[in-house]
Protein chains: 4
Amino acid sequence: MRKPGLLLRTCAWTWKSVRMASTAASRLKPLENKVALVTASTDGIGLAIARRLAQDGAHVVISSRKQQNVDQAVAKLQGEGLSVKGTVCHVGKAEDRERLVATAVRLHGGVDILISNAAVNPFFGNIMDVTEEVWDKILGINVKAMALMTKAVVPEMEKRGGGSVVIVSSIGAYHPFPSLGAYSVSKTALLGLTKNLAAELAQRNIRVNCLAPGLIKTNFSQILWMDEATKERLKESLKIRRLGSPEDCAGIVSFLCSEDASYITGETVVVGGGTPSRL
Amino acid sequence: MRKPGLLLRTCAWTWKSVRMASTAASRLKPLENKVALVTASTDGIGLAIARRLAQDGAHVVISSRKQQNVDQAVAKLQGEGLSVKGTVCHVGKAEDRERLVATAVRLHGGVDILISNAAVNPFFGNIMDVTEEVWDKILGINVKAMALMTKAVVPEMEKRGGGSVVIVSSIGAYHPFPSLGAYSVSKTALLGLTKNLAAELAQRNIRVNCLAPGLIKTNFSQILWMDEATKERLKESLKIRRLGSPEDCAGIVSFLCSEDASYITGETVVVGGGTPSRL
Amino acid sequence: MRKPGLLLRTCAWTWKSVRMASTAASRLKPLENKVALVTASTDGIGLAIARRLAQDGAHVVISSRKQQNVDQAVAKLQGEGLSVKGTVCHVGKAEDRERLVATAVRLHGGVDILISNAAVNPFFGNIMDVTEEVWDKILGINVKAMALMTKAVVPEMEKRGGGSVVIVSSIGAYHPFPSLGAYSVSKTALLGLTKNLAAELAQRNIRVNCLAPGLIKTNFSQILWMDEATKERLKESLKIRRLGSPEDCAGIVSFLCSEDASYITGETVVVGGGTPSRL
Amino acid sequence: MRKPGLLLRTCAWTWKSVRMASTAASRLKPLENKVALVTASTDGIGLAIARRLAQDGAHVVISSRKQQNVDQAVAKLQGEGLSVKGTVCHVGKAEDRERLVATAVRLHGGVDILISNAAVNPFFGNIMDVTEEVWDKILGINVKAMALMTKAVVPEMEKRGGGSVVIVSSIGAYHPFPSLGAYSVSKTALLGLTKNLAAELAQRNIRVNCLAPGLIKTNFSQILWMDEATKERLKESLKIRRLGSPEDCAGIVSFLCSEDASYITGETVVVGGGTPSRL
């Protein structure tokens with residue numbers, strides 16, 4: 001059980017100490033033997049990222065709040081021949097975060113990659129109508145839990161000589177989505193969280209970057225696009241020609257976790273189909 | 001008691017419906033007869049803003065968590081001949097927020113201006129060492145309470161035909177301050193809160209802008225500058241020649257609340273002495 | 001003739017060496033005795049800025065490319081009781097820039113303020129159709145000449161112990177305006193020019209800031225709003241309720257040149273009525 | 001000679017009309033059969049990008065101003081078994097730009113990818129000392145020629161059903177590099193050029209993105225790092241632990257040109273090792 005861990009530690013050391021041009025082999029499987037945790041990954045963008053990391057060679061541990069959803073997603077991805085396991089994890093609960101990390105350590109000897117995804121949005125409507133309780137929930141899951149999830153994996157990443165974190169924010173971080181005010185504010189906070197974590201963790205060889213998806217066609221966002229008229233209006237106002245797919249977000253996340261991104265940290269990449277973002 | 005309110009309502013209406021070049025009189029007292037609430041205003045930047053709004057003609061209601069601090073600040077500003085009253089207000093408490101608004105309504109018949117200041121920072125150190133409790137406190141006061149404080153004044157501003165909100169963020173919103181990680185993240189969130197509130201409140205003729213002070217010499221920030229060596233290092237790294245004073249932040253806030261800023265909303269102005277911010 | 005200059009130099013020295021709260025007198029005339037150059041100021045935003053600086057106490061020298069336009073604008077502003085003179089200046093020509101500065105020195109003994117405005121747009125259409133010649137013109141006037149205009153006044157500002165520059169960019173700097181591609185690119189460059197000039201001139205006590213107007217109702221922009229349908233579509237897409245007026249841009253420019261902004265440098269302020277800009 | 005072109009056109013059509021998960025084969029050679037032009041690519045970042053595109057399956061045409069440099073770089077890359085040809089191209093000259101495009105069409109039947117690199121910096125020193133001539137050169141090459149180079153390839157990309165452009169800017173676009181003022185301003189302009197080109201070319205299925213490298217160890221930048229003390233001071237001020245290598249910039253450029261980035265357009269990615277950039 002410890003043997004793959006040892007092997008991996010050696011790999012990590014190599015990664016750290018020798019700068020080589022990536023080889024054809026490393027390109028086919030850029031995350032070979034890496035161990036990746038992905039939260040909120042039994043559906044939508046999280047699931048697409050989990051699949052891609054596994055396709056790129058990682059051992060992936062997926063998670064979300066319901067056992068049934070975890071089981072289904074694991075079965076699906078294993079059915080595609082991928083190295084994927086899963087465990088229930090409510091990222092807002094300390095014991096769940098710890099169990100998720102412990103699961104990866106038990107299964108694969110450590111953690112190299114964390115994709116910190118969570119998109120609680122218990123309220124659609126005016127930001128003026130958001131109650132204290134809803135603010136607590138949104139900031140507690142979308143911001144605080146993202147920080148604490150990182151905190152939970154850092155000791156394991158340090159044992160491996162480094163690692164990579166990608167936090168999932170939203171284009172709403174830059175420009176308000178109507179009816180998604182509090183959610184958008186929490187996503188803006190993640191841009192800052194990324195910068196702060198990157199600055200603090202650089203000395204431990206841990207990179208922290210951020211993904212800001214635009215309007216992606218998922219169950220989560222369907223309130224925005226399931227009505228054809230609303231969808232067309234959104235596309236018009238966002239100046240995009242098509243809605244994005246979860247897969248559109250997966251490649252860049254895998255890239256940011258790979259050796260090819262080793263000089264990229266503290267950055268947010270927008271996957272928005274040309275919708276206004278920032279310079 | 002109601003008469004000033006009535007008068008003010010008329011002024012607000014005029015403001016809304018007629019665009020005139022501001023006159024010499026309006027420049028001397030650009031906030032004449034406006035009623036302004038300023039939170040966390042018995043010291044530092046908040047106090048300087050309160051003083052300036054009053055100098056510019058506003059009736060100001062200041063507040064902070066301790067009665068003694070409120071009394072001292074009120075005495076000081078009244079001693080300068082300014083129209084300043086005060087009340088205790090812990091912005092994290094709903095009843096305090098409501099009492100603050102009610103005080104202004106009782107004293108002056110309404111509210112035109114809110115300066116939403118709060119800078120809780122119960123923790124200096126690595127962001128990795130921030131606990132759940134500290135996150136809750138920082139996000140709860142610095143983000144959630146700022147939103148809810150706005151929510152509390154909006155109905156009063158609507159009665160007056162509009163109003164102006166300025167939220168106090170920090171240069172830390174754009175670039176990490178070492179040892180101030182969680183605080184900085186909360187300040188980044190305020191950039192988004194400003195955008196979202198501005199978008200939502202535009203139709204009610206309420207503008208929402210944001211101030212991002214750089215390194216300002218206050219009691220709050222003294223941990224950063226009281227040691228001469230640290231101060232010099234900070235100035236070097238921030239590329240500024242001098243630390244700012246609270247007064248450096250006051251003029252722009254008054255400006256943003258004035259008629260001259262009536263086409264500015266959703267914007268953040270950095271007062272940072274040239275320290276790196278953003279394009 | 002030299003006497004006002006001497007007097008002014010003393011004022012500048014006071015400004016530099018003593019930090020006082022601004023007094024009632026200084027608020028009524030915050031730019032009292034300052035000498036201000038404003039380019040492209042016989043119409044639109046430039047004219048509104050020139051008027052406001054003069055109303056705020058400055059001696060203003062306006063300019064634009066045609067003598068007739070200069071004469072009319074000077075007559076108009078003098079008719080309002082303002083201290084305004086004018087001279088022809090094509091900012092793209094070195095001798096014109098120098099004559100403009102020399103005029104101010106001859107009339108008022110020096111220069112304290114430069115408003116660097118220029119908005120050449122010889123081409124509406126696709127950026128793919130912009131020719132070499134048009135690029136040369138747009139970059140030459142909107143970027144290069146703005147830098148060289150600053151260069152021309154810096155020696156005079158140094159003699160006075162400091163000064164203030166405001167460069168006029170556009171909201172197009174942040175987000176493309178359709179059919180205004182090359183123009184927008186030149187305006188993006190100005191965001192960087194502001195940062196670079198501010199960094200370099202800080203040690204000479206010269207502050208450099210930038211104004212980014214949104215959709216302002218001027219002759220220059222009328223191609224965008226004179227057709228009612230286009231105007232409504234623009235307002236819809238810009239999420240603003242009304243077009244701005246040139247006066248909406250004037251107050252902030254005067255503010256940025258005043259003592260109240262003495263800790264603000266390298267910053268851009270958007271006057272856009274809530275149109276998407278940046279965090 | 002036309003056959004590969006035909007084949008490629010079919011591929012492009014497939015790319016456009018069918019959205020498939022990328023397969024293992026496409027990952028090993030994500031740019032298989034694509035034709036890529038890279039300007040200023042016989043050294044430094046441009047060379048590293050050219051090599052990487054070729055390693056990832058593209059037929060690459062490199063270029064720079066001197067035949068000898070082109071010959072050496074072509075020989076080197078061909079010696080690595082890569083499909084690389086070259087031609088002399090001074091991007092500031094219309095006939096050179098056209099010849100570069102014509103070369104690719106002649107050799108490979110069309111163009112799918114353009115990497116628009118150029119970093120003329122004829123002047124180190126204060127921005128106040130930059131002359132008209134130097135401004136013309138810097139803006140003419142670093143901005144105008146980048147736009148016109150894109151213009152030159154667009155018709156060929158349209159014939160293929162789409163394409164991808166990556167413009168090389170610099171971290172200096174966001175924050176001034178001392179002594180590199182005019183250069184930095186030109187790089188800021190490229191952030192806007194990227195946005196404008198992306199907006200305009202989206203309907204032709206051409207994506208336009210931008211790379212902003214931080215301090216990369218190249219001949220071009222050696223004035224900044226060859227002195228050990230300066231290098232250490234720079235690293236300190238940039239908050240990075242090591243200088244980047246040209247290879248650090250190559251992976252992301254290849255990624256942005258690949259199918260995995262098909263929903264990313266108008267964006268700038270910073271490769272800066274954690275140096276302050278933007279949210």
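## Helix α7, the sheet and the chain interfaces

In chain C, 21 of the 21 residues of α7(C) are buried, so this helix is largely enclosed by the rest of the structure. The model described here is a predicted one. Helix α7 of chain C covers residues 181-201, and at 1.5 Å a residue its 21 residues should span 30 Å; the end C-alpha atoms are 30 Å apart, which agrees.

The surroundings of such a helix can be followed in chain D. An open sheet in this chain has seven strands in the order β3-β2-β1-β4-β5-β6-β7, with parallel pairing. Its edge strands are β3 (84-88) and β7 (268-271) of chain D, each of which pairs on one side only. On average, neighbouring strands of the sheet are turned by 20° against each other, direction ignored.

Within this sheet, strand β5 (residues 163-168) and strand β6 (residues 206-213) of chain D pair in the parallel sense over six bridges. Val165(D) stands opposite Val208(D), a residue of β6(D). Helix α7 (residues 181-201) of chain D packs on the sheet and touches β5, β6 and β7 of chain D, with its direction making about 165° with that of β6(D). Helix α4 (residues 67-79) of chain D lies across β2 (59-64) and β3 of chain D and runs at about 180° to β3(D).

The interfaces of chain B are considered next. With chain A, 30 residues of chain B are in contact with 30 residues of chain A. Helices α6 (132-159) and α7 of chain B each supply at least two residues of this side, and α7(B) gives the most, with 13 residues.

With chain C, 36 residues of chain B are in contact with 36 residues of chain C. The elements giving two or more residues to this side are α2 (24-28), α7 (181-201), α10 (246-257) and β7 (268-271) of chain B. The largest share, five residues, comes from α10(B).

The composition of each side is set out below.

| Side of chain B | Nonpolar | Polar | Charged |
|---|---|---|---|
| touching chain A | 18 residues | seven residues | five residues |
| touching chain C | 16 residues | eleven residues | nine residues |

Chains A and B are also related by symmetry. Chain B can be laid on chain A with an RMSD of 0.0 Å by a turn of 180° and a shift of 0.0 Å along the axis. That is the relation of a two-fold axis. Among the residues of chain B, Ala189(B) comes closest to the rotation axis, with its C-alpha at 2.1 Å. Because 100% of the interface residues of chain B are also interface residues in chain A, the copies meet through the same surface.

Notes: Residues numbered from 1 in each chain as written. Chains lettered and ligands numbered in written order. Predicted model: local features only at pLDDT ≥ 70, side-chain atom pairs only at ≥ 80, totals over all residues. Contact = placed C-beta atoms within 7 Å. Helix = DSSP H or I, 4+ residues; strand = E, 2+ residues; numbered from the N terminus. Nonpolar A, V, L, I, M, F, W, Y, C, P; charged D, E, K, R; others polar. Least-squares fit on C-alpha atoms with pLDDT ≥ 70 in both. Expected span 1.5 Å × (residues − 1). Buried ≥ 20, exposed ≤ 12 C-beta atoms within 10 Å, placed from the backbone. Pairing = 2+ DSSP bridges. Axes fitted to C-alpha atoms, helices over the stretch in contact; angles between N-to-C directions.
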